[in-house]
Amino acid sequence: MELKIIDQDFSVCKIKEFSPELLKDGFCFVGRTDEELSLVCAAKQVPEDALERDDGWKAFRIQGVLDFSLIGILSAISAVLAENKIGIFAVSTYNTDYILTKEENFPKAVECLKQAGYRFATS
């Protein structure tokens, strides 16, 4: 399976309202529940009025479009990282999954996944 590093710094935030301006960045993930409105975006794009923010995240994605019938892909990746004491924040889209780790753990995460047989795209 091939993974691709997203060359960007991310933040995970809690926001009070959604603005269409957030969609101008290449990466913006919004989650809304009955309890909160969460945002994952480029660190430089965090709204000034964010209620809370956690900076210092790096990300990679599973390359290609994943069929909904595939089972255990995210689980397998998270298991490799968990075995190496690396926490994750995962975001799923219609096409694929994105895995974020804290920036200080990212090089180790990439190395552990390579050792487990995952390939990283070179471009």
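User: How many helices and strands are there in the protein, and what makes a run of residues count as one or the other?

Analyst: The protein has two helices and seven strands. These elements are DSSP runs numbered from the N terminus: a helix is H or I over at least four residues, and a strand is E over at least two. Read along the sequence, they follow the pattern β-β-β-β-α-β-β-α-β. This is a predicted model, in which local features need pLDDT of at least 70 and side-chain atom pairs count only at pLDDT 80 or more, while totals for chains, interfaces and linings use all residues. Residues are numbered from 1 along each chain as its sequence is written, and side-chain values use heavy atoms, with hydrogens and water left out.

User: How do you know whether the radius of gyration of the protein agrees with that of a compact globule?

Analyst: The radius is taken over C-alpha atoms, and the globule rule is 2.2 Å times the number of residues to the power 0.38. For 123 residues a compact globule would have a radius near 14 Å; the protein has 15 Å, which agrees. Along the principal axes, the C-alpha atoms fill a box of roughly 40 × 35 × 30 Å. Of the contacts with a separation of 6 or more (contact meaning heavy atoms within 4.5 Å), 69% are between residues 24 or more positions apart.

User: Why is the pair of F10 and F27 called edge-to-face?

Analyst: Rings of Phe, Tyr and Trp (its six-membered ring) pair if their centres lie within 6.5 Å; planes under 30 degrees apart count as stacked, over 60 as edge-to-face and the rest as tilted. Here the centres are 5.9 Å apart and the planes stand at 85°, so the pair is edge-to-face. F10 lies in strand β1 (residues 2-14) and F27 in the loop between β1 and β2 (28-32), so the pair ties together parts 17 residues apart in sequence. The whole structure contains six aromatic pairs, and F10, F27, F29 and Y98 form one aromatic cluster.

User: What makes the contact between D9 and K58 a salt bridge?

Analyst: A salt bridge requires a side-chain nitrogen of Lys or Arg within 4 Å of a carboxyl oxygen of Asp or Glu. The distance from N to O is 3.0 Å for D9 and K58, which meets that limit. The pair links distant parts of the chain, with D9 in strand β1 and K58 in strand β4 (residues 52-62), 49 residues apart. The structure holds four salt bridges.

User: Why are D9 and K58 placed in their respective burial classes?

Analyst: Buried means under 20% relative accessible area, exposed over 50%, and partly exposed in between (1.4 Å probe, protein chains only). K58 has 17%, so K58 is buried, whereas D9 has 38% and is therefore partly exposed. F10 and F27 are also buried. Of the 123 residues, 40% count as buried.

User: How do you know that K14 and E52 form a salt bridge, and what do they tie together?

Analyst: Their closest N and O atoms are 3.5 Å apart. K14 lies in strand β1 and E52 in strand β4, so the pair ties together parts that are 38 residues apart in sequence. K14 has a relative accessible area of 30% and is thus partly exposed; E52, at 48%, is partly exposed too.

User: What makes R53 and D55 a salt bridge, and how accessible are these residues?

Analyst: The closest N and O atoms of R53 and D55 are 2.9 Å apart. R53 is partly exposed at 43%, and D55 is partly exposed at 37%.
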